[in-house]
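Thank you all for making the time this morning. I would like to walk you through one model, sheet by sheet and then residue by residue, so please keep the picture open while I talk.

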Amino acid sequence: MRLKIRRIPLDTLRENVVVLASNCAALRPEAFQAFKRLEVQHDGRSIIASLDICHDHSMVGPDEIGLTEPAFRRMGLSEGDTVFISPSRSPQSLEYVRTKIGGETLNRHQIESIIQDIVGYRYSDMEIAAFLVACAGFLSTDELLHLTFAMASAGTSLTWDAPIVVDKHCIGGIPGNRTSMIVVPIVAAHGFTMPKTSSRAITSPAGTADTMEVLARVDLTIDEMKEVVGECNACLVWGGHVNLSPADDILIGVERPLNLDTREQMVASIMSKKKSAGSTHLVIDLPLGPTAKVRDAMEALRLRKLFEFVADRMNLHVEIVVTDGIQPVGRGIGPVLEARDVMAVLANDVSAPADLREKSLQLAARVIECDPAVRGGAGYERARHLLESGAAMASMQKIIDAQGRASSAPDPGPLTADILAHADGVVASVDCLRIAQLARLAGAPLDRGAGIDVLKRIGDKVEAGEPLYRIYSAGEAHFNFAVEEAEQSNGFALASAGIPSKALE
């Protein structure tokens with residue numbers, strides 16, 4: 001059954017989707033409904049795709065097959081080329097997913113088969129979601145280990161000509177916590193190799209890659225990444241573009257709308273990418289706070305043990321640093337505002353956020369102390385010297401130029417509104433999750449200038465009518481929605497004479 005390719009200008013995200021005309025000359029489309037999938041083949045190249053039926057014959061003719069953008073790109077052919085189509089049964093590994101849904105544990109082969117089929121785009125988003133939800137119910141330590149290694153081996157693995165290759169990672173959940181963009185140039189100035197690959201935002205208002213993209217190109221190829229590291233000792237690039245643990249990027253794309261973020265999946269995600277990136281030493285920032293991802297000391301201990309368990313099996317030296325996660329770090333939340341804060345810290349600007357500077361120095365110190373030549377406890381002074389001398393800023397400028405400096409940094413969103421306190425008092429708490437939600441409602445990270453500037457911190461005195469934070473947005477709909485939501489619940493709580501009361505009711 002051969003049909004001519006027609007490109008359908010429709011982005012179906014990760015999923016391969018093909019379109020047949022309702023009057024298809026080669027076969028009756030209803031005959032394929034029992035299979036729900038087609039295999040599209042051409043000279044040994046093939047994809048598995050979901051099938052849609054089109055009744056508009058001007059879009060897809062009876063002798064054509066429409067390939068949506070992902071399917072067209074993966075086939076690598078031209079419009080008019082002919083392909084052979086045949087029914088495709090569900091992957092065998094789906095039986096293993098059903099086994100997991102039934103509450104049983106999976107062995108290494110079963111998990112590897114699932115990950116290989118996910119990377120091969122043989123799963124629909126619904127089937128990926130079923131796997132993720134089943135794993136969220138229960139995942140043994142052996143399954144966690146199998147999952148991590150399967151994800152790491154499914155993509156590119158980097159190697160570096162250096163005895164020590166360092167990395168630093170934060171588990172997320174704290175708005176504005178953009179320490180990597182300060183730690184990397186400090187550590188690079190020290191002389192360590194630090195090929196930092198970062199993600200884009202999942203549920204946050206910005207990921208490190210989103211913020212770095214304000215300053216420089218982040219979608220580097222592997223060869224380009226290696227050139228930058230060779231020239232600068234380090235880089236700050238988007239990991240999704242260099243195919244490190246590609247299964248993780250697919251899983252994250254399904255986790256996002258489901259708001260899934262289990263501890264085991266988090267560990268597998270982080271550690272698979274660090275193994276793929278060729279890291280030998282890793283410092284993990286684990287913020288602890290009432291509205292952070294990790295909310296109590298016992299949960300932090302359990303997560304630390306999981307990281308250590310996997311790291312030991314991977315022959316990776318890992319240090320877990322439990323940090324203060326009770327409120328946002330820095331002032332800006334959103335790509336442009338966070339990039340502004342980062343560059344202010346690197347420039348030793350007196351107006352730079354002190355908390356962002358101090359936390360970055362503490363984390364950089366832990367990374368630097370992976371150097372056998374640096375005595376324990378001496379890392380902080382070394383990091384502070386590299387920052388205050390301007391060496392870290394010089395290193396950052398070198399990285400920016402090597403990756404490709406952005407032509408011009410966008411400004412913060414032109415639409416602004418101050419969210420005011422409605423009572424006198426002292427800031428008693430800040431809901432990190434709510435602040436992140438409001439920044440996203442304002443348009444971040446897709447609108448790079450959108451976000452929030454935090455003006456008050458825990459312990460600060462405020463008077464009625466005084467601004468707690470400022471919302472930035474570029475689109476009126478996003479702006480109005482964010483402001484309305486902030487007026488309903490702004491994420492700040494005030495204490496007056498020891499009695500908490502919300503600043504906005």
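Let me begin with strand E10, residues 281–288, which is joined to strand E11 by 8 bridges, the two running parallel. Before going further, I should say that this is a predicted model, in which local features need pLDDT of at least 70 and side-chain atom pairs count only at pLDDT 80 or more, while totals for chains, interfaces and linings use all residues. Residues are numbered from 1 along each chain as its sequence is written, and side-chain values use heavy atoms, with hydrogens and water left out. The element names are DSSP runs numbered from the N terminus, helices being H or I with at least four residues and strands being E with at least two, and two strands are called paired if DSSP finds at least two bridges between them.

Within that pair, Leu-288 stands opposite Asp-324 in E11, and Asp-285 has Val-321 of E11 as its bridge partner. The connection between the two strands runs through helix H11, residues 297–314, and E10, H11 and E11 together make a right-handed β-α-β unit; right-handed here says that, with the strands pointing away from the viewer, the path from the first strand over the helix to the second runs clockwise.

Which strands belong to this sheet, and in what order? There are 3 of them, in the order E7-E10-E11, forming an open sheet with parallel pairing. Strand E7 (166–170) and strand E11 (317–324) are at the edges with a single partner strand each, so one side of each is left without a neighbour in the sheet. From one strand to the next the twist averages 20°, where axes are lines fitted to C-alpha atoms, for helices over the stretch in contact, and angles run from 0 to 180 degrees between N-to-C directions.

Two helices that pack on this sheet deserve a mention. Helix H10, residues 263–276, touches E7 and E10, and its direction makes about 160° with that of E7; contact, throughout this talk, means heavy atoms within 4.5 Å. Helix H13, residues 354–368, touches E7, E10 and E11, with its direction at about 150° to that of E10.

Now to the second sheet on my list. Here 4 strands form an open sheet in the order E12-E15-E17-E13, and the pairing is antiparallel. Strand E12 (332–333) and strand E13 (415–420) are the edge strands, and each has a single partner strand, so one side of each is left without a neighbour in the sheet. E12 is joined to strand E15, residues 451–454, by 2 bridges, and Gly-332 stands opposite Asp-453 in E15. Helix H17, residues 476–488, lies across E13 and strand E17 (467–473), running at about 160° to E17.

Next comes a helix pair. The axes of helix H6 (residues 180–190) and helix H12 (residues 335–346) come within 9 Å and cross at roughly 35°. What meets what between these two helices? Met-181, Ile-182 and Pro-185 in H6 meet Val-342, Val-345 and Leu-346 in H12, and the residues of this contact divide into 6 nonpolar, no polar and no charged.

Val-187 also sits in H6, and this residue is buried at a relative accessible area of 0%, buried being under 20%, exposed over 50% and partly exposed in between, with a 1.4 Å probe and protein chains only. Leaving aside neighbours within four places in sequence, Val-187 is in contact with Val-166, Phe-192, Met-194, Ala-364, Val-367 and Ile-368.

Finally, some backbone details. Most residues other than glycine have a negative phi, and most peptide bonds are trans. Asn-233, in the loop between helix H8 (222–232) and strand E9 (234–238), has a positive phi near 75°, and Asn-233 counts as partly exposed at 27% relative accessibility. Ser-245, in the loop between E9 and helix H9 (246–258), has a positive phi of about 45°, yet Ser-245 counts as buried at 0% relative accessibility. The peptide bond from Ala-444 to Pro-445 is cis, with omega near 5°, and Pro-445 is found in the loop between helix H16 (432–441) and E15.

Definitions and conventions:
Ala, Val, Leu, Ile, Met, Phe, Trp, Tyr, Cys and Pro count as nonpolar, Asp, Glu, Lys and Arg as charged, and the others, Gly among them, as polar.
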